[in-house]
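Reader: I would like to learn how to read a model of a protein with a ligand, one feature at a time. Where should I begin?

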Amino acid sequence: MASLQERIAEVEERVARACAVSGRDVSEVKVIAVTKYVSLNTVSACLEAGLEEIAESRWQDAEPKWKLLGHKGIWHFIGHLQTNKVKDVIGKFQYIHSLDRLSLARELHKKADAAGLDVKVFLQVNISGEDTKFGLAPEAVQGFLKEIAPLHRVKVIGLMTMAPHEEDPELTRPVFRGLRELRDELNLLGLTPEPIGELSMGMSNDFEVAIQEGATRVRLGTVLVGHEEGD
Ligand SMILES: *Cc1c(COP(=O)(O)O)cnc(C)c1O
């Protein structure tokens, strides 16, 4: 198997190529290393190798890694977030990618406010409409932004989505395009103090298509840091 350095180089090259074919600058796309399948040692190796952004999807798994390495990187929480876990992630994860309901927004605001912090969030949107996926329905996002507007500690900086797994990643394109178009429509309405800039979309199987459709952050696990259980 390729070394971490080799995989990073290969991902960088593929990101650059996807940017080139879509007329984007590589500085517009950040790679987040999804470390949920790998050990603390591998997270450490990622940070040493220059990957700055780390993502985990469950606090229980992230905790030992964060306790040792939390000060070294920028941490993203990408999993479904239970309201009773908000207290564990506030002040530790700079970004939450999975805001999908009002009760969660209220709890994020409350815990962030108590800590004197703002919390940067992505709204998770279920563009594909699969009922196995979390996320707001696209048509619910406008109303949701209005409802959470008074929760001033919650800063909506982007939208996030997950595409269905497809053998042919080209088939995911409408999902990513849908998220970009939704962001652009929302920005025309001016529902947030600042325009929504970010699109968190694209995983190992489909990140090039996501970049071509405007991703600003791709979340890469398997292709970048590997999958240590059973590989
Ligand atoms: C696991 C996970 C990823 C990374 O998945 P890979 O296919 O291994 O790149 C990205 N985003 C979310 C929300 C995840 O849960």
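Author: Begin with the polar contacts of the ligand, keeping in mind that this is a predicted model. A pair of N or O atoms counts as a polar contact when they lie within 3.5 Å. In this structure, a polar side-chain atom of Thr-222 is 2.5 Å from an oxygen atom of the ligand.

Reader: How much of the ligand's accessible area does the protein cover?

Author: On its own, the ligand has 390 Å² of accessible area, and the protein covers 90% of that.

Reader: Which atoms of Ser-204 and Gly-221 lie by an oxygen atom of the ligand?

Author: For Ser-204, a polar side-chain atom lies 2.5 Å from a ligand oxygen atom. For Gly-221, a backbone N or O atom lies 2.8 Å from an oxygen atom of the ligand. When reading such a contact, note whether the protein atom belongs to the side chain or to the backbone.

Reader: Which residues surround the ligand?

Author: To be listed as near the ligand, a residue needs a heavy atom within 4 Å of it. The surrounding residues are Val-34, Lys-36, Tyr-37, Ile-78, Met-160, Met-162, Met-203, Ser-204, Arg-219, Leu-220, Gly-221 and Thr-222. By class, this shell has seven nonpolar, three polar and two charged residues.

Reader: Where does the ligand sit?

Author: The ligand sits in the largest pocket.

Reader: Now burial. Is Lys-65 buried or exposed, and why?

Author: A residue is called buried when its relative accessible area is under 20%, and exposed when it is over 50%. Lys-65 has 6% relative accessibility, so it counts as buried. Lys-65 is part of helix 3, which runs over residues 59–69.

Reader: What lies 2.9 Å from a polar side-chain atom of Lys-65?

Author: The backbone oxygen of Thr-35 lies at that distance from the Lys-65 side-chain atom.

Reader: Why does Glu-198 count as buried?

Author: Apply the cut-off again. The relative accessibility of Glu-198 is 17%, and therefore Glu-198 counts as buried. Glu-198 lies in strand 7, residues 198–200.

Reader: And is His-165 buried or exposed?

Author: His-165 is exposed, because its relative accessible area is 61%. Its place is the loop between strand 6 (154–160) and helix 7 (173–189).

Reader: How should I read separation along the chain against distance in space?

Author: Take the two numbers together for each pair. His-165 and Asp-206 are 41 residues apart in sequence, with 8.3 Å between their C-alpha atoms. Glu-198 and Ile-157 are also a pair 41 residues apart along the chain, and their C-alpha atoms are separated by 6.0 Å.

Reader: How far apart in space are Ile-54 and Ile-157?

Author: Their C-alpha atoms are 18 Å apart, with the two positions 103 residues apart along the chain counted as separation. Ile-54 lies in strand 2, residues 53–56, and is buried because its relative accessible area is 0%.

Reader: What about Leu-151 and Gly-23?

Author: Leu-151 and Gly-23 are 128 residues apart in sequence and 37 Å apart in space, C-alpha to C-alpha. Leu-151 is in the loop between helix 6 (141–148) and strand 6. With 14% relative accessibility, Leu-151 counts as buried.

Definitions and conventions: Residues numbered from 1 in each chain as written. Predicted model: local features only at pLDDT ≥ 70, side-chain atom pairs only at ≥ 80, totals over all residues. Heavy atoms only, no water. Polar contact = N/O pair within 3.5 Å; in protein donor to acceptor, adjacent residues only side chain to side chain. Areas by Shrake-Rupley, 256 points an atom, 1.4 Å probe, with all protein chains shown as cover. 1 Å grid on protein atoms, 1.4 Å probe; cavity = no way out; pocket = protein on both sides within 12 Å on 5 of 7 lines; lining within 4 Å. Sits in = over half its atoms within 2 Å of the grid points. Nonpolar A, V, L, I, M, F, W, Y, C, P; charged D, E, K, R; others polar. Helix = DSSP H or I, 4+ residues; strand = E, 2+ residues; numbered from the N terminus. Buried < 20%, exposed > 50% of the residue type's maximum accessible area, 1.4 Å probe, protein only.
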